[in-house]
Amino acid sequence: MENNYSYELTDAEMQEISRRADAAIQRGDRLNLRSDGVFKSFFSKDTKESTYLRNLFISAVIGKNVARSIVKNPELILTYQQAKSARLDVYCQLEDGTSIDLEMQVGRENDDQVKRAVYYACKMLPGNLDSGQPYGSIPNVHQIMITNFALHDFPGFYHNFTFRDTDANELSAMVKIHTIELTKLHFSRENLADISHLEFFALLLKYNDEDEIISELLHIPKFKEAVAMVETVTESISKTKDEWIQQFLLDKARNDYNCYAAAREKTGFERGEKYGREQGERIGIYKTAKNFKELGIDVGTIQKATGLSAEEIASL
């Protein structure tokens, strides 16, 4: 999200956001885990529950048991300027140095999201190696992108991409990009008890605001501990005023930017339309002058009729 527009919140607007946060907590509203700011808070907390769920989720995605992970960017967004330029990922490292980046994409922006995932994955690689440091010491990288929209045309909601040739021979798995497309996953009561941990988390994120489906997930024995912790973390952040302020700031920043972008696009279109009309009129004038010239009409008359200079008429 670009931040080159200069609008700032007034004190009255900030007070209104604070009032809305108080009202949401008083009503017992729950923050939605599909909101990227809430997603970040949910998996970034330095609590037993949040840490357990983060490790369990990462394990389910990368196919390796994760006992410990450290979040490197747990900070909240509490100002409007921060909200305008926020990158709401969860960047963490495992004990063996592996870098993990979790990101929830709520809506498709006017950009190439696949290239975005590749770019984020490459940024996690070290920029420089120490003299004599072997390339084999470079830690693995996992970029995990969860989207609330279809990212590509491949069937299935989960994909794991590595470096491969055109015959599918793997060159390296040092950098992996995992995509989880929630729109391609559908709830079914059939074989519900047999779903994987990855399917459980994906269903939890997709249907977070549908009580009936969440209730079904609650009664799957193997997820009992995870569900209890999900409830604990969700209830905790939903009762925290700063979390609601963060969400409202993000909502407002995005809405303001969308209005700004739409106005800029409209202005650009109107300018282009005006320029097109002027160019069309100009071309018409040149054609008329050329026709007059071919009919043998004198230059002075053509000048009066078209407004062109003698030099312009001579060049026709």
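Start by selecting F39, F42, F43, F57, F200, F201 and F223, which together form one aromatic cluster. You are looking at a predicted model, so read each stop on this tour as a feature of that model.

**Stop 1: the rings**

Colour the aromatic side chains next, as the structure holds 10 aromatic pairs. One of them is F42 with F43: the centres are 4.9 Å apart, the planes meet at 80°, and the pair is edge-to-face. How buried are these two rings' residues? F42 has a relative accessibility of 2%, which counts as buried, and F43 is buried too, with a relative accessible area of 2%.

Now move to F200 and F201. Their ring centres lie 5.4 Å apart with 70° between the planes, so this pair is edge-to-face. F200 is buried at 0% relative accessibility, and F201 is buried with a relative accessible area of 1%. If you would like a rule for reading such pairs, a pair of aromatic rings is described by the distance of the centres and the angle of the planes.

Before leaving the rings, select R20 and F248. Here R20 lies over the face of F248, 3.9 Å from the ring centre.

**Stop 2: helix α2**

F39, F42 and F43 also take you into a helix: they are among the buried residues of α2. Select residues 36–44 to show the whole of α2; 9 of its 9 residues are buried, so the rest of the structure largely encloses this helix. The buried set also includes D36, K40, S41 and S44, alongside G37 and V38.

**Stop 3: helix α3**

Select residues 48–62 next. This is helix α3, with 15 residues and a reach of 21 Å from its first C-alpha to its last, close to the 21 Å expected at 1.5 Å a residue. Is α3 enclosed or open? Of its 15 residues, 11 are buried, so α3 is largely enclosed by the rest of the structure. Among the buried ones are E49, S50, L53, L56, I58, S59, V61 and I62. F57 is buried in α3 as well, and you have already met F57 as a member of the aromatic cluster.

As you turn the helix in your viewer, remember that an α-helix has 3.6 residues a turn, so residues three or four places apart point the same way. Then step past the end of the helix: α3 is followed by G63, which has a positive phi, near 70°.

**Stop 4: S69 and its partners**

Stay with α3 for a moment and pick out R54 and N55, both buried. Which side chain do they share as a partner? The side chain of S69 makes a polar contact with the side chain of R54 at 2.8 Å, and another polar contact, of 2.5 Å, joins the side chains of S69 and N55. S69 sits in strand β1, residues 69–71, and its 6% relative accessibility makes S69 buried. Show its surroundings too: leaving aside neighbours within four places in sequence, S69 is in contact with R54, N55, Q93 and L94.

**Stop 5: the cysteines**

Select C92 and C122. C92 is buried, with a relative accessible area of 0%, whereas C122 counts as partly exposed at 40% relative accessibility. How many disulfides does a search of the whole structure find? The search finds 0.

**Stop 6: two loops**

Go to A168, in the loop between β5 (158–164) and β6 (170–181). A168 is partly exposed, with a relative accessible area of 47%. Its phi is near 70°, a positive value in a residue other than glycine. For context, most residues other than glycine have a negative phi.

Continue to the loop between β6 and α6 (197–206), where you will find N191. N191 also has a positive phi, about 55°, although N191 is not a glycine. At 58% relative accessibility, N191 counts as exposed.

End the tour with T183, which lies in the loop between β6 and α6. T183 is partly exposed, at 34% relative accessibility. Not counting residues up to four places away in sequence, T183 touches T147, N148, F149, A150 and K206. To finish, draw a distance between the C-alpha atoms of T183 and L151: these residues are 32 apart along the chain, and the atoms are separated by 9.5 Å.

Note on methods. Residues are numbered from 1 along each chain as its sequence is written. Side-chain values use heavy atoms; hydrogens and water are left out. Helices (H or I, at least four residues) and strands (E, at least two) are DSSP runs, numbered from the N terminus. Buried means under 20% relative accessible area, exposed over 50%, partly exposed in between (1.4 Å probe, protein chains only). A polar contact is a pair of N or O atoms within 3.5 Å; within protein, one must be able to donate a hydrogen and the other to accept it, and residues adjacent in sequence count only if both atoms are side-chain atoms. Contact means heavy atoms within 4.5 Å. A disulfide is a pair of cysteine sulfur atoms within 2.5 Å. Rings of Phe, Tyr and Trp (its six-membered ring) pair if their centres lie within 6.5 Å; planes under 30 degrees apart count as stacked, over 60 as edge-to-face and the rest as tilted. A charge sits over a ring if NZ of Lys or CZ of Arg is within 6 Å of the ring centre and within 35 degrees of the ring normal. The expected span of a helix is 1.5 Å times one less than its number of residues.
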